[in-house]
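Colleague: I should like a close look at a single part of this model, namely the packing between two of its helices and the core beside them. Please set out the details in one connected account.

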Amino acid sequence: MEKSEKKKELIRSIKFLLFSISAGLIQMGSFALFKELLGWSNWLSYLLALVLSVLWNFTLNRKFTFKSANNVPVAMLKVACYYAVFTPLSTKLEHLLADSLGWNGYLVTAINMVLNFVTEFLYQRFFVFRDSIDTNDLAKKERGGE
């Protein structure tokens with residue numbers, strides 16, 4: 001990989017990190033709202049907060065991080081497949097550690113968020129958007145309007 005490609009990948013990684021942080025804020029804020037204000041269980045609060053953050057994160061990363069012009073329903077279906085595996089596993093972990101073993105619910109949610117960040121970046125970079133990176137109008141404009 002040449003120097004300019006390494007720089008693009010570093011910038012892409014930083015963007016993914018920043019959008020993930022914003023999604024994490026949405027997830028933690030909604031988790032707190034559901035758990036503290038509404039009194040819902042850890043696992044339900046986590047699950048609904050996760051859905052909100054996924055929608056936010058997918059939308060921003062598709063447009064600005066991966067600059068993908070691929071079919072939105074197809075990309076979302078691929079992301080849904082990731083979450084069809086990640087969500088039950090992480091919800092079970094949330095339930096086990098927080099509800100059954102008494103770990104702090106915020107700590108367990110933070111652990112799940114780190115696991116999600118790492119695995120989702122790799123999944124989106126190398127599977128969901130692999131063949132459509134830098135194909136949207138924003139990427140074309142940056143290249144000089146091809």
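Modeller: The account below takes the helix pair, then the core, and then one further residue.

This is a predicted model, in which local features need pLDDT of at least 70 and side-chain atom pairs count only at pLDDT 80 or more, while totals for chains, interfaces and linings use all residues. Residues are numbered from 1 along each chain as its sequence is written, and side-chain values use heavy atoms, with hydrogens and water left out.

H1 and H4 (helices being DSSP runs of H or I, at least four residues, numbered from the N terminus) pack at an angle of about 145°, with their axes 10 Å apart. Axes here are lines fitted to C-alpha atoms over the stretch in contact, and angles run from 0 to 180 degrees between N-to-C directions. Among the residues that meet (heavy atoms within 4.5 Å) are Arg12, Phe16 and Phe31 in H1, and Phe117, Phe121 and Arg125 in H4. By class, the contact of H1 with H4 has nine nonpolar, seven polar and five charged residues, where Ala, Val, Leu, Ile, Met, Phe, Trp, Tyr, Cys and Pro count as nonpolar, Asp, Glu, Lys and Arg as charged, and the others, Gly among them, as polar.

The largest nonpolar core (buried Ala, Val, Leu, Ile, Met, Phe, Trp, Tyr and Cys residues joined through side-chain atoms within 4.5 Å) has 17 residues, of which Phe66, Val79, Tyr83 and Phe129 touch the most other members. Helices H1 (3–37), H2 (42–65), H3 (72–100) and H4 (105–128) each give two or more residues to this core. Leaving aside neighbours within four places in sequence, Phe66 is in contact with residues including Arg12, Phe16, Phe121 and Arg125.

Ile11 also lies in helix H1. Ile11 counts as partly exposed because its relative accessibility is 41%, between the limits for buried (under 20%) and exposed (over 50%), with a 1.4 Å probe and protein chains only.
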